[in-house]
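Open your viewer and get the selection tool ready. We will walk through the model stop by stop, with something to pick at each one.

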Amino acid sequence: MAFEELLNDPVIQKYLHELVGPTGMPVAAAPPDGEVTDEELAEKLGLELNDVRRALFILYENDLASYRRVRDEDSGWLTYLWTFHYENIPENLEEEMYRLLEALEERVDYERNHEFYLSEPAGIRFEFAEAMELGFQCPETGAPLEPMDNTDLVTAMETRIDELRDELNVEVTGSNP
């Protein structure tokens with residue numbers, strides 16, 4: 001998939017935005033063909049050099065950019081020539097989906113195996129042991145803590161887990177549905 005096609009995908013735009021943030025997005029959204037220096041990118045995009053370098057480093061950490069160093073023979077200065085590797089984005093997104101699936105499976109297990117109490121006025125949720133220590137009274141408002149039914153939350157997480165498993169072609173393992 002070409003850079004242009006990838007960058008038109010809203011999921012990929014969101015992924016890049018989450019990685020580099022709003023100040024780095026112009027760098028991520030403008031991958032040049034071939035090699036480019038951080039100074040050239042900063043000048044072309046009208047950005048601060050530090051913002052460009054930060055975005056490039058984040059892209060590098062996520063295998064979406066690489067660099068090679070070239071030493072100027074006269075001055076001895078090092079120049080970094082950057083190349084973008086957006087062909088790695090689909091694989092990175094798949095890895096993110098697996099991490100999300102694992103985190104959701106752990107969270108749904110936690111939600112199923114714990115009892116919660118809620119302070120409605122403060123919007124604070126407590127586990128049973130903590131609520132008991134507090135005498136089933138909210139430490140912020142003094143309101144009584146009410147048993148919380150987290151069935152809707154568990155159901156929503158189970159639905160998302162099923163969707164992720166379907167999308168990733170993952171079979172059900174362990175005791176999770």
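Select Glu 115 to begin: apart from neighbours within four places in sequence, its contacts are Phe 126, Glu 127 and Phe 128, where contact means heavy atoms within 4.5 Å. Before you go further, note that this is a predicted model, with local features needing pLDDT of at least 70, side-chain atom pairs counting only at pLDDT 80 or more, and totals for chains, interfaces and linings using all residues. Residues are numbered from 1 along each chain as its sequence is written, and side-chain values use heavy atoms, with hydrogens and water left out.

Glu 115 sits in the loop between H5 and E4. Helices (H or I, at least four residues) and strands (E, at least two) are DSSP runs, numbered from the N terminus. Is Glu 115 buried or exposed? Neither: Glu 115 counts as partly exposed because its relative accessibility is 44%. The scale here is under 20% relative accessible area for buried, over 50% for exposed and partly exposed in between, with a 1.4 Å probe and protein chains only. Now add Pro 31 to the selection and draw a C-alpha to C-alpha distance: Glu 115 and Pro 31 are 50 Å apart in space and 84 residues apart in sequence.

Next, pick helix H5, residues 89-112. Its 24 residues reach 34 Å from the first C-alpha to the last, close to the 34 Å expected at 1.5 Å a residue; the expected span is 1.5 Å times one less than the number of residues. Show the side chains that are buried in H5: Ile 89, Asn 92, Leu 93, Met 97, Leu 101, Leu 104, Glu 105, Val 108 and Glu 111. What do the buried residues of H5 pack against? Their partners are helix H2 (10-28), strand E4 (116-119), strand E5 (124-127) and helix H7 (151-168).

Keep Glu 111 on screen and add Asn 150, which touches Glu 111 and Phe 116 when residues up to four places away in sequence are not counted. Asn 150 lies in the loop between strand E6 (146-148) and H7. With a relative accessible area of 12%, Asn 150 is buried.

Now for two backbone stops. Most residues other than glycine have a negative phi. Select Phe 136, in the loop between helix H6 (128-133) and E6: its phi is near 55°, a positive value in a residue other than glycine. Phe 136 is partly exposed, at 29% relative accessible area. Then jump to Asn 169, in the segment after H7, where phi is also positive, about 60°, although Asn 169 is not a glycine. Asn 169 counts as exposed, at 71% relative accessibility.

Finally, zoom out to the whole protein chain. Colour by secondary structure and you can trace seven helices and six strands, in the order α-α-β-α-α-β-β-α-β-β-α-β-α along the sequence. The radius of gyration is 24 Å, well over the 16 Å that the globule rule gives for 177 residues, so the protein chain is more spread out than a compact globule. That radius is taken over C-alpha atoms, and the globule rule is 2.2 Å times the number of residues to the power 0.38. Along the principal axes, the C-alpha atoms fill a box of roughly 75 × 40 × 25 Å. Switch to colouring by accessibility as a last step: buried residues make up 32% of the 177 residues.
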